[in-house]
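Hi everyone, thanks for making time. I'd like to walk you through one structure today, from the overall fold down to the spaces inside. Let me put it on the screen.

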Amino acid sequence: MTGIDTRRLHAEWQGAWHDLFDQDAQFVATVENVRPNPLPENIDCDFRLIFGLPQVSVATRASCFALFPSGAIMAERLEAYLGKKAAPISESEAKLRLDALLELACVIAPKAVSELEGLPVICRDRASLIERLNASDDLSWLFEDNHSSLSAEAEAMALAVERFLSEPLYATAGNFHQLREWVTSALRGGATEDFQRQVFELFAGGWQVALGEDAVLLAKI
């Protein structure tokens with residue numbers, strides 16, 4: 001038993017976020033940003049929080065993230081994404097970065113060695129790969145069998161935070177998961193955090209990485 005009640009935590013964070021949003025005068029000045037009453041029981045249906053996160057002020061976002069472990073680091077990463085457009089990464093550099101990323105994956109997770117061995121890399125624009133991308137996995141899947149270095153309670157808290165932030169960060173990044181994974185990796189640290197940083201840097205430079213059944217996909221976004 002961890003003592004973590006995820007449902008209760010989510011309800012507390014949800015209410016606290018709405019309270020902070022309510023104090024953001026510029027945000028609440030528009031009709032579409034009125035607080036729902038009652039609040040949605042399913043946080044995935046709380047569209048004010050999901051789509052409001054990038055609209056509120058920097059100070060409001062900082063207060064929202066202050067509720068979580070590693071909140072200041074996560075907020076800093078989100079602001080870096082929102083505040084500065086990363087320089088595009090060329091195809092040749094993207095391939096070099098992918099090579100380094102796959103090497104790191106094999107170091108972190110022994111499972112990755114067998115899963116990645118012999119797979120070709122397919123590099124095309126995203127539109128031409130969309131069907132294969134839809135049927136692919138995020139590379140983080142390779143780490144599913146890894147034992148967490150966190151205590152049981154810290155692991156449960158990390159999972160609760162990741163779950164709560166999942167949709168707001170996914171929507172903020174235009175329905176891509178790389179920002180969400182990079183921001184929340186601050187909860188875990190270590191080699192997996194370095195891995196998520198590299199995946200995110202590729203994404204910020206215009207590239208999506210995925211693991212298909214018969215190839216590693218490198219898609220130009």
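Let's start with contacts. Take the contacts between residues at least 6 apart in sequence: 71% of these join residues at least 24 apart. Please keep in mind while you look that this is a predicted model.

Now, what is the chain built from? There are eleven helices and three strands in the protein chain. If you trace the sequence with your finger, the order reads α-α-α-α-α-α-α-β-α-α-α-α-β-β.

On to overall dimensions. Along the principal axes, the C-alpha atoms take up a box of roughly 55 × 40 × 30 Å. A compact globule with 221 residues would have a radius of gyration near 17 Å, and the protein chain has 19 Å, so the two agree.

How much of the chain is buried? Of the 221 residues, 43% count as buried. As for the outside, the chain exposes about 11,500 Å², and carbon and sulfur atoms supply 53% of that area.

Next, the part I enjoy: the spaces. I'll begin with the second largest pocket, which holds about 410 Å³ of space. Its lining is made of 19 residues, and those nearest the centre are Tyr-81, Lys-84, Ala-86, Phe-200 and Ala-204. Two elements, α5 (71–83) and α11 (190–204), give two or more residues each to this lining. Which of the elements gives the largest share? That is α5, with four residues. If you sort the lining of this pocket by class, you get twelve nonpolar, two polar and five charged residues.

Then there is the enclosed space. How many cavities of 30 Å³ or more are there? The count comes to one. The largest cavity has a volume of about 30 Å³. Around it you'll find Ile-43, Asp-46, Leu-49, Ile-50, Phe-164 and Pro-168. Here α3 (47–52) and α9 (152–172) each supply at least two lining residues. By class, the lining of this cavity has five nonpolar residues, no polar ones and one charged residue.

So if you'd like to explore on your own screen, there are two places to visit. One is the second largest pocket, with α5 and α11 contributing to its lining. The other is the largest cavity, with α3 and α9 contributing there. Thanks for listening, and I'm happy to rotate the view for anyone.

Definitions and conventions: Residues numbered from 1 in each chain as written. Predicted model: local features only at pLDDT ≥ 70, side-chain atom pairs only at ≥ 80, totals over all residues. Heavy atoms only, no water. 1 Å grid on protein atoms, 1.4 Å probe; cavity = no way out; pocket = protein on both sides within 12 Å on 5 of 7 lines; lining within 4 Å. Points joined across faces, edges and corners; volume = space filled by probe spheres on them. Nonpolar A, V, L, I, M, F, W, Y, C, P; charged D, E, K, R; others polar. Rg over C-alpha atoms; globule rule 2.2 N^0.38 Å. Buried < 20%, exposed > 50% of the residue type's maximum accessible area, 1.4 Å probe, protein only. Contact = heavy atoms within 4.5 Å. Areas by Shrake-Rupley, 256 points an atom, 1.4 Å probe, with all protein chains shown as cover.
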